[in-house]
Amino acid sequence: MPSIALTDAHKFLDLNSVKELPDTHAWTSQLDSGGGCDGPDPEGVPVIDLNDGAAQELIGYACKTWGVFQVVNHGVPINLLDEIEQTGRSLFSLPMHQKMKAARAADGVSGYGVARISSFFPKLMWSEGFTITASPADHARLLWPHDHRHNQFCNTVDEYQKAMNKLAGRLMWLMLGSLGVSSDDVKWASLKEDGTQEGCAALQLNSYPACPDPDRAMGLAAHTDSTILTVLHQSNTSGLQVLREGARRWTTVPPHPGALVVHVGDLMHILSNGSYPSVLHRAVVNRTRHRLSVAYLYGPPTNVKISPISKLVDHSHPQMYRPITWTEYLGTKAKHFDKALTSVRLCAPRTGFVDSNDHSSVRVG
Ligand SMILES: C=C1C[C@]23C[C@H]1CC[C@H]2[C@@]12CCC[C@@](C)(C(=O)O1)[C@H]2[C@@H]3C(=O)O
Ligand SMILES: O=C(O)CCC(=O)C(=O)O
Ligand SMILES: [Fe+2]
């Protein structure tokens, strides 16, 4: 719980103009003492070419061992990636009073503000975010009431969401396919007539301004995503770190030109009956560069009950999680944060099974 009362003045601090790290944003010094950190892992997060005939198999292996991978030849035009990044930059460069007009409501999901998980930490993060859950138009009118950038924002966001929906559907089937699961096994997840993938999603724009004291600041604290999968576009500045299953050190996911990062989320963890553990990740900041990332948080239709796929449940692999809808799970996450997945678990982990959501021995700060 917050050790100090965080007011709107703290939450809406213009990080771009701050010359010294305020106490409200100062995490412990040497954030990684004990845990060890950083540096690309000698093995490294897999980079998978979707045109490779072995892509499905490689994805399955990456999901089991890392919970994260990068994809190239994913079919999303590079200029669309540049455009969404530029759109994000122009949004975050608006004056604070303007961004505050589109602020997220206290109990809401969409809009401008500090990370939703902030309430679980005593200090604020060195970032600002913008969440879009439905049409971008309502936000755009608040941000740019008088000019044409409003239309440009909506068009880019619409186009990006369409491209991401297609890619997320394709990735979901590659992940499930690698477990021997086909579309007959997951009824809700069929393709719609217009070729789009059934499901819901949120688009999250993250901005991490250059930070005067990066070693004592945290861009986005360690978390898993409450999704089936997340497709992340990080700008050419590194900052994303992941904790590999069973590892004690953070691994940097280096920006790879044109590649997209894919995270296994908590709902895929449930669907796969624990075969694909959701990946713990965080974002660190740096002294000189303003980093931007755009996350497409993909999930099922909000009211469909998600449970381990029956094909993956048998005598030696008992059902590990109870059925839960995405809406219910987001509520559980908002309440229990890193204990959310454990709170829907039915049985004790199998012997030798590493519970990716039990990080009691690892510093996740
Ligand atoms: C659909 C989602 C998924 C949310 C909540 C809601 C909209 C915003 C998403 C994020 C985005 C940033 C990290 C996170 C942890 C956060 O604070 O907001 C995510 C959270 C989750 O994955 O739990
Ligand atoms: O900025 C990043 O690299 C990570 C963002 C993230 O984890 C999220 O939006 O859920
Ligand atoms: Fe995330």
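The legends below describe close-up views of a predicted model.

In this predicted model, local features need pLDDT of at least 70 and side-chain atom pairs count only at pLDDT 80 or more, while totals for chains, interfaces and linings use all residues. Residues are numbered from 1 along each chain as its sequence is written, chains are lettered from A and ligands numbered from 1 in the order in which they are written, and side-chain values use heavy atoms, with hydrogens and water left out.

**View 1. The iron ion (ligand 3) and its protein donors, H223, D225 and H281.** The donor atoms are NE2 of H223, OD of D225 and NE2 of H281, at 2.1 to 2.2 Å from the iron ion; donors are N, O and S atoms within 2.8 Å of the metal (3.2 Å for Na, K and Ca), and because water is not among the atoms, sites may look incomplete. Along the sequence, the donor residues follow the spacing H-x1-D-x55-H. The two histidines join distant parts of the chain, with H223 in strand 6 (residues 220-223) and H281 in strand 11 (residues 280-283), 58 residues apart; strands here are DSSP runs of E of at least two residues, helices runs of H or I of at least four, both numbered from the N terminus. H223 and H281 are both buried, that is, under 20% relative accessible area, where exposed means over 50% and partly exposed in between (1.4 Å probe, protein chains only).

**View 2. The surroundings of ligand 2.** Of the 13 residues around ligand 2, those that come nearest are N206, Y208, H281, R291 and S293, a residue being near if one of its heavy atoms lies within 4 Å. Oxygen atoms of ligand 2 lie 2.6 Å from a polar side-chain atom of Y208, 2.8 Å from a side-chain N or O atom of R291 and 3.2 Å from one of H223. The protein covers 96% of the 300 Å² of accessible area that ligand 2 has on its own (Shrake-Rupley method, 1.4 Å probe). Strand 5 (200-208), strand 6, strand 11 and strand 12 (291-299) each give two or more residues to this shell.

**View 3. N206 in strand 5.** N206 counts as buried because its relative accessibility is 9%. Its C-alpha atom is separated by 11 Å from that of Y296, although N206 and Y296 are 90 residues apart along the chain.

**View 4. The buried side of helix 3 (residues 78-92).** The buried residues of helix 3 are L80, L81, I84, E85, T87, G88, L91 and F92. They cover an arc of only 155° around the axis, which puts them on the same side of helix 3; the arc is that of the directions from the helix axis to the C-beta atoms.

Technical notes:
The expected span of a helix is 1.5 Å times one less than its number of residues. A polar contact is a pair of N or O atoms within 3.5 Å; within protein, one must be able to donate a hydrogen and the other to accept it, and residues adjacent in sequence count only if both atoms are side-chain atoms.
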